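Work through these exercises with the structure open beside you. Try each task before you read its solution.

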Amino acid sequence: MAKADLTGGATRAWQRMLSGRRLDLLDPSPLDIEITDIAHGLARVARWNGQTRGEHAYSVAQHCLLVEQIFLRLVPDASPDMVLQALLHDAPEYVIGDMISPFKAVMGGQYKDIEERLHKAIHMRFTLPVKAGKTLEKRIKQADRIAAYYEAMRLAGFAEDEAARYFGRPKNITTEGLDLIPRPTQQVEGSFLSRFATLDALRTGS
């Protein structure tokens, strides 16, 4: 449970993770971040507020795997570091959840500030650049929008023209081979952890 209290006049909000870590949402420490907590949380957060077709919710973890898959099609010579940044692009949502864009706009800067602090701490935990370069950031965002386009049509009930209006129509990236069938929570959690382990081993040479 997340709690807020006053200690010495300062507000502190934290959440206890299954790993036993207590993550401070206002001042997150990289030492309190575990990939098992991230995978567990993301596999249980539903994309599109759960308004998707299928027996299972389409989770943020599965979306992250999809974005990484598309990113590799856009940048086939990407380094393991770059690919890992694509996989973790929505990692803060294991704590703050996946807010739909209209609600983010209503929330304004406070939500974005907390999201950025978590993103920075996550990158520090896994020895990634605190902020992606502009080119890499643009490519990850492109992969994210392509994923959203296909998710919107295949899972969230959007017509093709409507999806194109909000996310843009992809060029040279088709759905062939893309994982767009919602899968069970534990299966997706395992896939996310496995992919992280593979990329981390490639980065470290282990």
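**Exercise 1.** Find how α2 and α3 pack, and which residues meet.

*Solution.* Keep in mind that this is a predicted model.

Step 1: Take the geometry. Helix α2 and helix α3 (residues 80-87) pack at an angle of about 145 degrees. Their axes lie 8 Å apart.

Step 2: Take the handedness. The crossing of α2 and α3 is right-handed.

Step 3: List the contact. From α2 come C64, L65, V67, E68, F71 and L72. From α3 come M82, V83, A86 and L87.

Step 4: Sort the contact of α2 with α3 by class. There are 9 nonpolar residues, no polar ones and 1 charged.

**Exercise 2.** Describe the packing of α2 and α7, and name the class of their angle.

*Solution.* Step 1: Locate the helices. Helix α2 covers residues 60-74, and helix α7 covers residues 134-154.

Step 2: Read the angle and the spacing. The angle is about 120 degrees, and the axes are 8 Å apart.

Step 3: Classify. Roughly perpendicular covers 65 to 115 degrees, and roughly antiparallel needs an angle over 145. The angle of about 120 degrees fits neither, so α2 is oblique to α7.

Step 4: Add the handedness. α2 and α7 cross in a right-handed way.

Step 5: List the contact. α2 gives H63, L66, V67, I70, F71 and L74. α7 gives L136, R139, I140, Q142, A143, D144, I146, A147 and E151.

Step 6: Count by class. The contact of α2 with α7 has 10 nonpolar, 2 polar and 3 charged residues.

**Exercise 3.** Do the same for α1 and α9.

*Solution.* Step 1: Helix α1 spans residues 35-42, and helix α9 spans residues 185-204. They pack at about 145 degrees, with axes 8 Å apart.

Step 2: Their crossing is right-handed.

Step 3: On the α1 side, the contact uses I35, T36, I38, A39, H40 and L42. On the α9 side, it uses E189, F192, L193 and F196.

Step 4: The contact of α1 with α9 divides into 7 nonpolar, 2 polar and 1 charged residues.

**Exercise 4.** How many aromatic pairs are there, and why is the pair of F158 and F167 tilted?

*Solution.* Step 1: Count. Rings pair if their centres lie within 6.5 Å. There are 7 aromatic pairs.

Step 2: Check one pair. The ring centres of F158 and F167 are 6.2 Å apart, and their planes stand at 45 degrees. Stacked needs under 30 degrees and edge-to-face needs over 60, so this pair is tilted.

Step 3: Follow the links. Ring pairs join W48, F158, Y166 and F167 into a cluster.

Step 4: Look for a charge over a ring. The charged end of R22 sits over the ring of W14, 4.5 Å from its centre.

**Exercise 5.** Where do N49 and T127 lie, and what is the phi of N49 and of T127?

*Solution.* Step 1: N49 is in the loop between α1 and α2. Its phi is positive, about 55 degrees, although N49 is not a glycine.

Step 2: T127 is in the loop between α6 (109-125) and α7. T127 is not a glycine either, yet its phi is positive, about 50 degrees.

Terms used: Residues are numbered from 1 along each chain as its sequence is written. This is a predicted model: local features need pLDDT of at least 70, side-chain atom pairs count only at pLDDT 80 or more; totals for chains, interfaces and linings use all residues. Side-chain values use heavy atoms; hydrogens and water are left out. Axes are lines fitted to C-alpha atoms, for helices over the stretch in contact, and angles run from 0 to 180 degrees between N-to-C directions. Helices (H or I, at least four residues) and strands (E, at least two) are DSSP runs, numbered from the N terminus. Angles under 35 degrees count as roughly parallel, over 145 as roughly antiparallel, 65 to 115 as roughly perpendicular and the rest as oblique. A crossing is left-handed if the near helix is turned anticlockwise from the far one by less than a right angle, and right-handed if clockwise. Contact means heavy atoms within 4.5 Å. Ala, Val, Leu, Ile, Met, Phe, Trp, Tyr, Cys and Pro count as nonpolar, Asp, Glu, Lys and Arg as charged, and the others, Gly among them, as polar. Rings of Phe, Tyr and Trp (its six-membered ring) pair if their centres lie within 6.5 Å; planes under 30 degrees apart count as stacked, over 60 as edge-to-face and the rest as tilted. A charge sits over a ring if NZ of Lys or CZ of Arg is within 6 Å of the ring centre and within 35 degrees of the ring normal.
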